[in-house]
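Let's take a walk through this model, one stop at a time. Keep the viewer open and follow along.

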Amino acid sequence: MKNSEIADLLDRTALLLEAVGENRFKIVAFRRAAKNVRNLSEDIEDVWNTGGLEQLPGIGKGIAKKIDEYIRTGKITYLQKLENQVPQAAIDLMAIPGIGPRTAFKLTKEHGIQNIDSLREAIQNGSLDDFFGPTIRKKIISEIEMIKSTSKRMLLPQAEEIAGSIVEYLKAGGIHIIIAGSIRRCKATVGDIDAIALDENAVELLSKFPHTSKVLSRGTKKASFILDNGVQVDVRISEKDELGATLLYFTGSKDHSIALRNIAISKGYKLNEYGLFDESSGKLIASGSEEGIYKALGMQYIEPELREDRGEIQAALQGRLPNLLRKGSLKGDLQMHTLWSDGLSTIEQMAREAKLLGYEYIAITDHSKSARLANGLNEDRFLRQWKEIDALNEKMSPFTILKGVEVEIKGDGSLDLEADFLNSFDVVGISMHQGYNQSPEKLTQRMIKAMGSKRVHYLCHPTNRLIGIRGGHEINMERIIQEAKDRGIMIEINSQPNRLDIDEVWARKAAEEGVDLVINSDAHSTEELTYVRYGENVARRAWLESKNVINTLSLNQLLRRLS
DNA sequence: GCCGTTTTCGGCCCGACTGTTTTCAGTCG
């Protein structure tokens, strides 16, 4: 049973409750439960087995009973009843910005709208003129056109690039803006771009940005725009002495903000985007800096990457936040590919670039022979590659190039290079690139068998997810982590922006279990070596400290760890 | 529906913007 499967059902329940106009706090309760189940780092079925569902935060008798019913019978009667009550059309209509649950429900129930196309028809033939005013009618038609080209969440680098172009454009106009939201939290994917400006002229200037295709709303405190690539930009106007409060509010996450506001309430304060105030007197307590607000709430400063309401607030109140891995503190990179297999650069080019980045060492880890499409190396070619590496090491000393391999796990869990041969490598990573269609149980067995091979240092991108393209394998990550712990095998945080595998939830779990992680670029060209910063994001969002990350070690320490 | 070093009942974050609103509901972040 996948936690996300249960979480999706709880989210769907919340959505349907919204449509029927249920008490909004009940809706919030389902959403919170869904989130907590999604972020759980143990299998919900195991929790259920031990009768601990109601001990989970946000899950009480009611929701526990529904989860129990689902695990036992595969259905939730309560949800089924809701499904009968709310037409699928209402859910579809809610995808149109500006149409919320109440409007969607009314449209389907009172006006017989079947889907998005029939809504457009009804608006165009005038049969909804009594329901919508002219402005809304026009807006909805335009939104429906948009929705077909609407982009899903984008990867962080893409969002950073768009945000960067906005920052540059406004800078040229003499206006400084700060990017907040999920970009500041360094989330793997970004939905829209949130920016803060101290100058209200930012709104006027942005409406003239060559890539702005539409102004969604525009007031004195905030405005929203749609760019020609479909990306939404929300701008918030702040004052310098309120900047801390605005940053806090606009960085989110929403759940973190809500939790923080509850802490404020419990201390007799009120927190909003203008500042932290004394509830009774209205007196301002703090607003200029985030640090000041956290301090006034009696807690440690919380880095943006941690602001997801995953326990960081309790930890900050108790003064036990982790000493997060610093960006740029890696001393080497243990996975990259060259022209020998499927990379685009030579070993020397990779090494020189890595040296420029300030590394002490890298490992060249080209694919092994059964990765045919990737031009994997057989034993003879590795022997020849090592000669090249030896020569380069003499030339570049003390910078060190380690002899590595990303060795293929075959369908039966064996590796495609013999143990004796693997002994000659400095570092061995194992991964799967084929035979994905096995059952989750079989895939798990296969990985565990591979981890039992004699010389394995780390497990590469364990779930093989490609964000936005395919979800990861439903392998039993708890067992894999246990196996890694028992055998002293490290787990990779692969930094390719569309992989970021393992993710922050499991990386955190692995570290809690005492498993070491390694942040690798998996670069296929010199340009990709800097991708490690996305892996560092994952590490920080996973609460990792440098002691959890093996490639923060100096070369000598690393070699001792690898031997 | 959940939750409790003030509570097992009565709360549940807070505010901006829009429409055709003359006091507020709906939507959004």
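Start at Ile502, which sits in the loop between S16 and H22. The peptide bond leading into it from Asp501 is cis, with omega near 10 degrees. Bear in mind that you're looking at a predicted model, so treat that geometry as what the prediction says. There's another cis bond to look up, from Ser397 to Pro398, again with omega near 10 degrees. Pro398 belongs to the loop between helix H18 (379–396) and strand S13 (400–408).

While we're on backbone oddities, where does Asp309 sit? Look in the loop between helix H15 (290–296) and helix H16 (312–317). Asp309 isn't a glycine, yet its phi is positive, at about 55 degrees. Asp309 is partly exposed, with a relative accessible area of 29%. Asn375 is another non-glycine with a positive phi, this one about 60 degrees. You'll find Asn375 in the loop between strand S12 (361–364) and H18, and at 35% relative accessibility it counts as partly exposed.

Now over to helix H21, residues 477–487. Which of its residues are buried? They are Met477, Ile480, Ile481, Glu483 and Ala484. Look down the axis of H21 and these buried residues fall within an arc of 160 degrees, so they line one face of the helix. The cover over them includes helix H20 (440–451), strand S15 (458–459), strand S16 (490–494) and helix H22 (504–512); those last two are the elements that flank the loop of Ile502, where we began. Check the ends of H21 as well. At the N-terminal end, Asn476 acts as the cap, with a side-chain oxygen 3.2 Å from the backbone nitrogen of Glu478. After H21 comes Gly488, with a positive phi near 65 degrees.

Helix H7 (residues 101–111) can be read in a similar way, with Pro101, Ala104, Phe105, Leu107 and Thr108 as its buried residues. Seen down the axis of H7, they fall within an arc of 160 degrees, so they line one face of the helix. Packed against them are helix H1 (3–19), helix H5 (77–85), helix H6 (88–93) and helix H8 (116–124). H7 is followed by Gly112, whose phi is positive, near 60 degrees.

H7 also brings us to the nucleic acid, since it is among the elements that give two or more residues to the surface near DNA strand B. How many residues surround that strand? There are 42, and the closest are Gly60, Thr103, Arg218, Arg261 and Tyr274. Of the atoms of DNA strand B that come within 4 Å of the protein, sugar and phosphate account for 71%. A few contacts are worth zooming in on. Arg218 places a polar backbone atom 2.6 Å from a phosphate oxygen of DNA strand B, and Asn272 has a polar side-chain atom 3.1 Å from a phosphate oxygen of the strand. Arg261 goes for a base instead: an N or O atom in its side chain is 2.5 Å from a base oxygen of DNA strand B. Other elements that give two or more residues to this surface include helix H2 (24–38), helix H4 (61–73) and strand S5 (212–218). The largest share, 5 residues, comes from H14.

Next, a quick stop at Ser224, in strand S6 (residues 222–227). Is Ser224 buried or exposed? With a relative accessible area of 12%, it is buried. Leaving aside neighbours within four places in sequence, Ser224 is in contact with Lys214, Val215, Leu216, Ser217, Gln232, Val233 and Asp234.

Let's finish with the rings. The structure holds 11 aromatic pairs. One of them, Tyr249 and Phe250, is stacked, at 5.7 Å centre to centre with 15 degrees between the planes. Within that pair, Tyr249 is partly exposed at 26% relative accessible area, whereas Phe250 is buried at 13%. Phe421 and Phe425 pair edge-to-face: 5.7 Å between centres, 85 degrees between planes. Both are buried, Phe421 at 14% and Phe425 at 1%. Ring pairs link these two with Phe382 and Trp386 into a cluster. Two charged side chains also meet rings: Lys66 lies over the face of Tyr78, 4.5 Å from the ring centre, and Arg508 lies over the face of Trp543, 3.8 Å from the ring centre.

Note on methods
Residues are numbered from 1 along each chain as its sequence is written. Chains are lettered from A and ligands numbered from 1 in the order in which they are written. This is a predicted model: local features need pLDDT of at least 70, side-chain atom pairs count only at pLDDT 80 or more; totals for chains, interfaces and linings use all residues. Side-chain values use heavy atoms; hydrogens and water are left out. Rings of Phe, Tyr and Trp (its six-membered ring) pair if their centres lie within 6.5 Å; planes under 30 degrees apart count as stacked, over 60 as edge-to-face and the rest as tilted. Buried means under 20% relative accessible area, exposed over 50%, partly exposed in between (1.4 Å probe, protein chains only). A charge sits over a ring if NZ of Lys or CZ of Arg is within 6 Å of the ring centre and within 35 degrees of the ring normal. Helices (H or I, at least four residues) and strands (E, at least two) are DSSP runs, numbered from the N terminus. The arc is that of the directions from the helix axis to the C-beta atoms. Contact means heavy atoms within 4.5 Å. A polar contact is a pair of N or O atoms within 3.5 Å; within protein, one must be able to donate a hydrogen and the other to accept it, and residues adjacent in sequence count only if both atoms are side-chain atoms. A residue is near a molecule or strand if one of its heavy atoms lies within 4 Å of it.
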